[in-house]
Amino acid sequence: MRTDDSRLHIAIQKSGRLAEQSRRLLRDAGLRLQEGKNALTARIENFPADLMYVRDDDIPTFVADGVCELGIVGSNVLREFELAERDSRYEILSPLGFGRCALKLAAAATSDWHGLADLGEARIATSYPHIVRDFLEQRQIAATVVTMNGAVELAPRLGIAPFICDLVSTGATLEANGLRPLETLFESEAVLVRTRGALDEARQETMNGLVRRIGGVLATKE
Ligand code: PRP
Ligand code: ZN
Ligand code: MG
């Protein structure tokens, strides 16, 4: 879909916690999305823009590189990318009011906890190693970060690490795994993000129109 260079490219999560609400927001903004099952891209019928359905961890890269001029992604994913890649070629245009969750330190519900000093040099399993390391460094805590790509909540039971740091929304996953939250490291929600690079006039116009429409949708929800 790079052949027609005047179209805008919008990256959204293919499946996962933000996928459905990202599509709904664009529909509420008046965009008619062609819904092809399993399609990785979708043409917007009434707007010079194409949707790219991708993994949320890839959205910061696509937007920073300018492959997609706009994206909808969790601010936690953006922050992890910024710290990991030292790349801030993106600009957050607006929080979107959905996908709220928090990156929290947690441990066995039965464990004793008086505060961060209790971490000592313990291991912490997480899928957000850069956010966690940044947090530890700022507080001069010598704990060790163990990176896991999923099922982080299993780490304490498997003996991988007594602590985890993972996203908490309802808290049901922590509870189901016999864990309890101890500290909040980062509050997250879905944000609209654009590439920092300059756009040609046509695409900038398209982006302005889309951002205005999204702003209108958000205003009705306040
Ligand atoms: C997150 C997180 C927990 C779960 C917490 O996973 O890793 O597993 O959500 O939500 P809860 O507090 O409502 O139970 P997500 O669904 O984002 O998938 P992922 O782990 O594959 O990224
Ligand atoms: Zn295209
Ligand atoms: Mg998970």
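These exercises walk through the sheets, helices and ligand shell of a predicted model.

**Exercise 1. Lay out the five-stranded sheet.**
Task: In what order do the five strands of the open sheet stand, and which strands are at its edges?

Solution.
- Step 1. Read the order. The five strands run E8-E7-E9-E6-E10, and the pairing is mixed.
- Step 2. Find the edges. Strand E8 (144–147) and strand E10 (179–188) each pair on one side only.
- Step 3. Add the twist. Neighbouring strands of this sheet are turned by 30° against each other on average, direction ignored.

**Exercise 2. Sort the pairs into parallel and antiparallel.**
Task: For the pairs E7 with E8, E7 with E9, E6 with E9 and E6 with E10, state the sense of pairing and the number of bridges.

Solution.
- Step 1. Recall the principle. Strands of a sheet pair through backbone hydrogen bonds, in either a parallel or an antiparallel way.
- Step 2. Start at E8. Strand E7 (residues 123–126) runs parallel to E8, with four bridges between them.
- Step 3. Cross to the other side of E7. E7 and E9 are parallel too, joined by three bridges.
- Step 4. Move on to E6. E6 and E9 are antiparallel, over six bridges.
- Step 5. Finish at E10. Strand E6 (residues 101–108) pairs with E10 over eight bridges, in the antiparallel sense.

**Exercise 3. Trace bridge partners.**
Task: Which residues are the bridge partners of Thr126 in E8 and in E9, and which are those of Ala106 in E9 and in E10?

Solution.
- Step 1. Take Thr126. Its partner in E8 is Thr147. In E9, Thr126 is partnered by Cys165.
- Step 2. Take Ala106. Its partner in E9 is Ile164. In E10, Ala106 is partnered by Pro181.
- Step 3. Add further pairs. Ile124 stands opposite Val145 in E8. Ala102 has Glu187 as its bridge partner in E10.

**Exercise 4. Give the hand of a crossover.**
Task: Is the β-α-β unit made by E7, H4 and E8 right-handed or left-handed?

Solution.
- Step 1. Check the two strands. E7 and E8 run parallel.
- Step 2. Follow the path from E7 over H4 to E8. This unit is right-handed.

**Exercise 5. Describe the six-stranded sheet.**
Task: What is the strand order of the six-stranded open sheet, and why do E2 and E5 each have one side without a neighbour?

Solution.
- Step 1. Write the order: E2-E3-E1-E4-E11-E5, with mixed pairing.
- Step 2. Look at the ends. Strand E2 (41–43) and strand E5 (90–95) are edge strands with a single partner strand each, so one side of each has no neighbour in the sheet.
- Step 3. Add the twist. Neighbouring strands here are turned by 25° against each other on average, direction ignored.
- Step 4. Look inside. Strand E1 (residues 8–13) and strand E4 (residues 70–74) run parallel and share two bridges. Ala11 is opposite Gly71 in E4.
- Step 5. Place the helices. Helix H1 (residues 19–28) packs on this sheet and touches E1, E4 and strand E11 (190–195). Its direction makes about 145° with that of E1. H3 also packs on the sheet, touching E4, E5 and E11, at about 100° to the direction of E4.

**Exercise 6. Place H3 against H4.**
Task: How do H3 and H4 pack, and which residues meet?

Solution.
- Step 1. Choose the descriptors. Two packed helices are described by the angle between their axes and the distance between the axes.
- Step 2. Fill them in. Helix H3 (residues 75–85) and helix H4 (residues 129–138) pack at about 75°, with axes 8 Å apart.
- Step 3. Name the arrangement. An angle of 65 to 115 degrees counts as roughly perpendicular, so H3 is roughly perpendicular to H4.
- Step 4. List the contact. H3 brings Arg79, Glu80, Leu83 and Ala84; H4 brings His130, Ile131 and Asp134.
- Step 5. Sort by class. The contact has three nonpolar, one polar and three charged residues.
- Step 6. Link back to the five-stranded sheet. H3 lies across E6, E9 and E10, at about 75° to E10.

**Exercise 7. Analyse the shell around ligand 1.**
Task: Which element gives the most residues to the shell around ligand 1, and what classes make up the shell?

Solution.
- Step 1. Sample the shell. Among its residues are Gly16, Arg17, Gly150, Asp166 and Thr173.
- Step 2. Find the suppliers. Strand E9 (163–168) and helix H6 (172–176) each supply at least two residues.
- Step 3. Pick the main one. E9 gives the most, with three residues.
- Step 4. Sort by class. The shell has three nonpolar, six polar and two charged residues.

Note on methods
Residues numbered from 1 in each chain as written. Chains lettered and ligands numbered in written order. Predicted model: local features only at pLDDT ≥ 70, side-chain atom pairs only at ≥ 80, totals over all residues. Axes fitted to C-alpha atoms, helices over the stretch in contact; angles between N-to-C directions. Parallel < 35°, antiparallel > 145°, perpendicular 65-115°, else oblique. Contact = placed C-beta atoms within 7 Å. Nonpolar A, V, L, I, M, F, W, Y, C, P; charged D, E, K, R; others polar. Near = placed C-beta within 6 Å. Pairing = 2+ DSSP bridges. Right-handed = clockwise from strand over helix to strand, strands pointing away.
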